[in-house]
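Grab a pencil and work through these exercises with the structure open beside you. Try each task yourself before you read its solution.

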Amino acid sequence: MVQVRDALRVRHYSLRTERSYLHWVRRYIHFHGTRHPATLGAPEVAAFLSHLAVDRSVSASTQNQAKAALLFLYRHVLAVELSWLDEVIQAKPSRRLPVVLTTREVVALLGELSGTTWLVVALLYGTGMRVLEGLRLRVKDIEFERREIVVREGKGGKDRVTVLPENLMLLLRDQLIAAKRLHDRDLAEGFGEVWLPDALAVKYPRAARSWGWQYVFPSTVRSVDPRSGVQRRHHLQPDTIQKAVRGAAQRAGIAKPCTPHVLRHSFATHLLQSGYDIRTVQELLGHEDVSTTMIYTHVLNRGGRGIVSPLDRVG
């Protein structure tokens, strides 16, 4: 497991991916009675993935994530010839329509929130960012004069630019004042460093303490970095926002399953409803292929594909 962890870190995999891959490798080994994976082959991998699908009823994406972890194990850790892995079945992911809130439901949802949580959720809806993209936002990446936000290292490690809602500009300035106050207190107490990606901390030793690199939504408490053991102030945790959104949806009487990611779906759909072209929405969302964005055309608020039912013409 140490070798797997080292191989992941050498290749700059995220901490979330590292934890996920270690989880699946551990489960795979225990499923086969703690036998060394070098002694296992395609039948054992297929048996494990079948167990997940049949006995555990996991989704296709979860099954494929487990397969990706095992591919990494054999390719980069054990250096095993992978020709037999072509025989392992890839689960076909289901293509489902996204859950989208109406404008009225968005208003009702925000009405049940307050403070920093309200600001985070409003920002997710107003920009189309994923929850982690919003929480990882750095001070330097908010461009008030240009009314834009630079999203760094989004899905696939790509940067993009999205819109900064004018209605949130004053509240974001107030949030930065509060974050600056917290950062100044950390500096006075001998802390104030923030995590930097890749080797930036080595290349720019002072950057970790600089104001521009601090998180816009810092955590209320400092914590120990699980990789380096350094005590730092991280950003708010995504489960905090997820729990708040679920609770707000219940209080607002929204029957649809509601998560922070639903706000991203709603952002895209409402832009298309407003007449923006699909290429613009694609760029704002950071989709590599426009076909991914096309799915929102199926959930526009026009009834079943914009068609008038023949029943409505009767009588």
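**Exercise 1: Getting an overview**

How many helices and how many strands does the secondary structure of the protein come to? Then find out what share of the residues counts as buried.

*Solution.* Keep in mind that you're looking at a predicted model.
- Step 1: Count the elements, and you get 13 helices and 5 strands.
- Step 2: The protein has 315 residues, and 43% of them count as buried.
- Step 3: Now look at contacts between residues at least 6 apart in sequence: 60% of these join residues at least 24 apart.

**Exercise 2: Two helices, H5 and H6**

Work out how H5 and H6 are arranged, and say which kinds of residues make their contact.

*Solution.*
- Step 1: Locate the two helices: H5 covers residues 103–111 and H6 covers residues 115–127.
- Step 2: Their axes lie 10 Å apart, at an angle of about 160 degrees.
- Step 3: Angles over 145 degrees count as roughly antiparallel, so H5 is roughly antiparallel to H6.
- Step 4: As for handedness, H5 and H6 make a right-handed crossing.
- Step 5: List who touches whom. H5 brings Val 106, Leu 109 and Leu 110, while H6 brings Trp 118, Val 121, Ala 122 and Tyr 125.
- Step 6: Sort the residues of this contact of H5 with H6, and you have 7 nonpolar, no polar and no charged.

**Exercise 3: Another pair, H2 and H3**

Do the same job for H2 and H3: what is the angle, and how do the contact residues divide?

*Solution.*
- Step 1: H2 spans residues 15–31 and H3 spans residues 42–55.
- Step 2: The angle is about 105 degrees, and the axes are 10 Å apart.
- Step 3: The range from 65 to 115 degrees counts as roughly perpendicular, so H2 is roughly perpendicular to H3.
- Step 4: From H2, the residues in the contact are Trp 24, Arg 27, Tyr 28 and Phe 31; they meet Glu 44, Val 45, Ala 47, Phe 48, His 51 and Leu 52 of H3.
- Step 5: For H2 with H3 the contact residues split into 7 nonpolar, 1 polar and 2 charged.

**Exercise 4: A three-stranded sheet**

In what order do the 3 strands of the open sheet stand, and which strands are at the edges?

*Solution.*
- Step 1: The order is S1-S2-S3, with antiparallel pairing.
- Step 2: S1 (142–143) and S3 (160–163) each have a single partner strand, so they stand at the edges, with one side of each lacking a neighbour in the sheet.
- Step 3: Count the bridges. S1 and S2 are joined by 2, and S2 (residues 148–151) is joined to S3 by 4.
- Step 4: Follow Ile 149 of S2. Its bridge partner in S1 is Ile 142, and Ile 149 also stands opposite Thr 162 in S3.
- Step 5: Move along to Val 150, which stands opposite Val 161 in S3.
- Step 6: In a regular strand, side chains alternate between the two faces of the sheet. In S2, Glu 148 and Val 150 are on one side and Ile 149 and Val 151 on the other; all are buried, and both faces of S2 are covered.

**Exercise 5: Positive phi angles**

Look at Thr 34 and Arg 147: where is each one, and what is its phi?

*Solution.*
- Step 1: Here's the background: most residues other than glycine have a negative phi.
- Step 2: Thr 34 goes the other way, with a positive phi near 60 degrees. You'll find Thr 34 in the loop between H2 and H3.
- Step 3: Arg 147 also has a positive phi, near 55 degrees. Arg 147 belongs to the hairpin of S1 and S2, which has 4 residues between the strands.
- Step 4: Check exposure. Thr 34 has a relative accessible area of 54%, so Thr 34 is exposed. Arg 147 comes to 37%, so Arg 147 is partly exposed.

**Exercise 6: Two loop residues**

Are Val 100 and Ala 38 buried or partly exposed?

*Solution.*
- Step 1: Val 100 sits in the loop between H4 (60–77) and H5, and Ala 38 in the loop between H2 and H3.
- Step 2: Buried means under 20% relative accessible area. Val 100 has 15%, so Val 100 is buried.
- Step 3: Ala 38 has 46% relative accessibility, so Ala 38 counts as partly exposed.
- Step 4: Finish with distances between C-alpha atoms. Val 100 and Leu 263 are 163 residues apart in sequence but 7.4 Å apart in space. Ala 38 and Val 77, 39 residues apart along the chain, are separated by 10.0 Å.

Conventions:
Residues are numbered from 1 along each chain as its sequence is written. This is a predicted model: local features need pLDDT of at least 70, side-chain atom pairs count only at pLDDT 80 or more; totals for chains, interfaces and linings use all residues. Side-chain values use heavy atoms; hydrogens and water are left out. Axes are lines fitted to C-alpha atoms, for helices over the stretch in contact, and angles run from 0 to 180 degrees between N-to-C directions. Angles under 35 degrees count as roughly parallel, over 145 as roughly antiparallel, 65 to 115 as roughly perpendicular and the rest as oblique. A crossing is left-handed if the near helix is turned anticlockwise from the far one by less than a right angle, and right-handed if clockwise. Contact means heavy atoms within 4.5 Å. Ala, Val, Leu, Ile, Met, Phe, Trp, Tyr, Cys and Pro count as nonpolar, Asp, Glu, Lys and Arg as charged, and the others, Gly among them, as polar. Buried means under 20% relative accessible area, exposed over 50%, partly exposed in between (1.4 Å probe, protein chains only). Two strands pair if DSSP finds at least two bridges between them.
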